Amino acid sequence: MASHIGKLPIAIPAGVEVKIEGQNFSAKGAKGSDSYVIPEGITAAVEGNEIIVTPADDLRPTRAKHGLARSIMAGMVKGVHDGYSKTLEIVGTGYRAVAKGQGIEFFLGYSHTITVNPPEGITLKVADANHVVVEGIDKQAVGQVAANIRKLRAPEPYKGKGVKYADERILRKAGKAGK
């Protein structure tokens with residue numbers, strides 16, 4: 001019984017250069033380059049314009065790493081070709097974001113402003129005062145930076161004020177019953 005995800009081949013788009021040397025995998029494309037160390041017991045090979053990931057045996061730990069390795073490698077290939085982005089929406093009176101150098105300054109109803117500087121490989125853009133876009137080639141890093149920004153003022157369930165993902169739906173509560 002092999003991993004359903006692991007069995008799928010990874011298509012290499014035009015303009016992406018993939019290199020596999022032993023357990024080292026690297027991808028280079030228009031957006032940048034990224035590398036990954038393939039776990040023990042998993043091998044990868046380029047066949048035509050596809051990457052085939054195969055497990056060495058059918059033991060449980062190897063099967064677990066099979067799908068993981070394939071997903072990470074597929075994410076890297078997509079990241080160096082297209083990149084990843086997450087859009088955050090700021091909801092609330094007076095809540096806004098302003099570009100400040102490489103980073104962004106947030107006004108989120110606290111007595112002070114919060115400045116967020118992006119880590120290496122991540123860019124932050126202010127689309128308008130209420131929308132922030134996090135972009136990069138590493139899917140995990142983009143998601144982590146977006147989650148950290150959302151955590152600055154998570155949306156509350158009564159009025160929906162706070163920082164939320166653009167595609168996130170906030171479940172609203174009723175509030176106090178009037179007399």
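This passage walks through one sheet, the helix lying across it, and the salt bridges of the model. The model is predicted, so local features need pLDDT of at least 70 and side-chain atom pairs count only at pLDDT 80 or more, while totals for chains, interfaces and linings use all residues. Residues are numbered from 1 along each chain as its sequence is written, and side-chain values use heavy atoms, with hydrogens and water left out.

An open sheet of four strands (DSSP runs of E, at least two residues, numbered from the N terminus) has the order β11-β12-β7-β13 with antiparallel pairing; two strands pair if DSSP finds at least two bridges between them. Its edge strands, β11 and β13 (162-165), each pair on one side only. Strands β11 (residues 122-128) and β12 (residues 131-136) are joined by six bridges and form a hairpin with two residues between them. Within this pair, L124 stands opposite V134, and D128 stands opposite H131.

Helix α3 (residues 139-151; helices are DSSP runs of H or I, at least four residues) lies across β7 (84-91), β11, β12 and β13.

The structure holds four salt bridges, each a side-chain nitrogen of Lys or Arg within 4 Å of a carboxyl oxygen of Asp or Glu. In one of them, K125 meets E135, with the closest N and O atoms 2.9 Å apart. This pair links strand β11 to strand β12, ten residues apart. Another joins R150 and E168 at 2.7 Å; R150 lies in helix α3 and E168 in the segment after β13, so the pair ties together parts that are 18 residues apart in sequence.

Notes: Contact = heavy atoms within 4.5 Å. Axes fitted to C-alpha atoms, helices over the stretch in contact; angles between N-to-C directions.
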